[in-house]
Amino acid sequence: MSSTIDRNAKFLRQMDFADPSKFKHAVTILGVGAVGSSVALALGKMGQSKLNLVDYDSFEEHNVANQLCFEKKHLGRYKVLGVKELVIDSSPEGIVVDAY
């Protein structure tokens with residue numbers, strides 16, 4: 001049994017559900033807090049090929065309870081950089097994520 005996982009095969013059900021040709025345009029998400037980060041992750045897993053993430057805020061301890069997608073290692077970092085990392089790690093190969 002191979003220990004490597006075909007990352008694209010993991011998302012075949014989502015790709016069958018949503019026509020990948022509809023995901024060829026970039027989607028811009030303004031604000032990647034509790035809602036925006038969840039939207040970014042969902043779009044990435046569905047096969048969206050290009051995301052633009054915009055948020056000036058950083059992930060701080062006082063908003064840990066609101067941020068379901070973030071981990072302790074993201075404390076003090078800009079939210080867009082943390083979300084970019086999470087989206088790329090959990091999405092099919094070839095996704096492009098720009099963070100502003």
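A crossing of two helices is right-handed if the near helix is turned clockwise from the far one by less than a right angle. Keep that in mind for the exercises below, which use a predicted model.

**Exercise 1.** Work out how H2 and H3 sit against each other: what is the angle between them, and which residues meet?

*Solution.* Start by finding the helices: H2 covers residues 34-46 and H3 covers residues 79-90. Next, take the geometry. The two pack at an angle of about 25 degrees, and their axes are 9 Å apart. Angles under 35 degrees count as roughly parallel, so H2 is roughly parallel to H3. Now apply the opening definition: H2 passes H3 in a right-handed crossing.

Last, look at the side of each helix that touches the other. H2 brings Ser37, Ala40, Leu41, Gly44 and Lys45, while H3 answers with Val83, Leu86, Val87 and Ser90. Sort that contact by class and you get 5 nonpolar, 3 polar and 1 charged residues.

**Exercise 2.** Lay out the sheet: in what order do the strands come, and which ones are at the edges?

*Solution.* Line up the 3 strands first. They make an open sheet in the order E1-E2-E3, with parallel pairing. E1 (27-30) and E3 (96-99) are the edge strands, each pairing on one side only. From one strand to the next, the twist averages 20 degrees.

Then go pair by pair:

- E1 is joined to E2 (residues 50-54) by 4 bridges, and the two run parallel. Thr28 stands opposite Asn52 in E2, and Leu30 has Val54 in E2 as its bridge partner.
- E2 and E3 also pair in the parallel sense, over 4 bridges. Here Lys50 has Val96 in E3 as its bridge partner.

**Exercise 3.** Follow the chain from strand to strand: through which helix does each crossover go, and is it left-handed or right-handed?

*Solution.* Begin at E1. The chain goes through H2 to reach E2, and this β-α-β crossover is right-handed. Carry on from E2: the chain passes through H3 on its way to E3, in another β-α-β crossover that is right-handed.

**Exercise 4.** Put the helices on the sheet: which strands does each one touch or lie across, and at what angle does it run?

*Solution.* Take H2 first. H2 packs on the sheet and touches E1 and E2. Its direction makes about 160 degrees with that of E1. Now for H3, which lies across E2 and E3. H3 runs at about 175 degrees to E3.

Note on methods. Residues are numbered from 1 along each chain as its sequence is written. This is a predicted model: local features need pLDDT of at least 70, side-chain atom pairs count only at pLDDT 80 or more; totals for chains, interfaces and linings use all residues. Side-chain values use heavy atoms; hydrogens and water are left out. Axes are lines fitted to C-alpha atoms, for helices over the stretch in contact, and angles run from 0 to 180 degrees between N-to-C directions. Angles under 35 degrees count as roughly parallel, over 145 as roughly antiparallel, 65 to 115 as roughly perpendicular and the rest as oblique. Contact means heavy atoms within 4.5 Å. Ala, Val, Leu, Ile, Met, Phe, Trp, Tyr, Cys and Pro count as nonpolar, Asp, Glu, Lys and Arg as charged, and the others, Gly among them, as polar. Two strands pair if DSSP finds at least two bridges between them. A crossover is right-handed if, with the strands pointing away from the viewer, the path from the first strand over the helix to the second runs clockwise.
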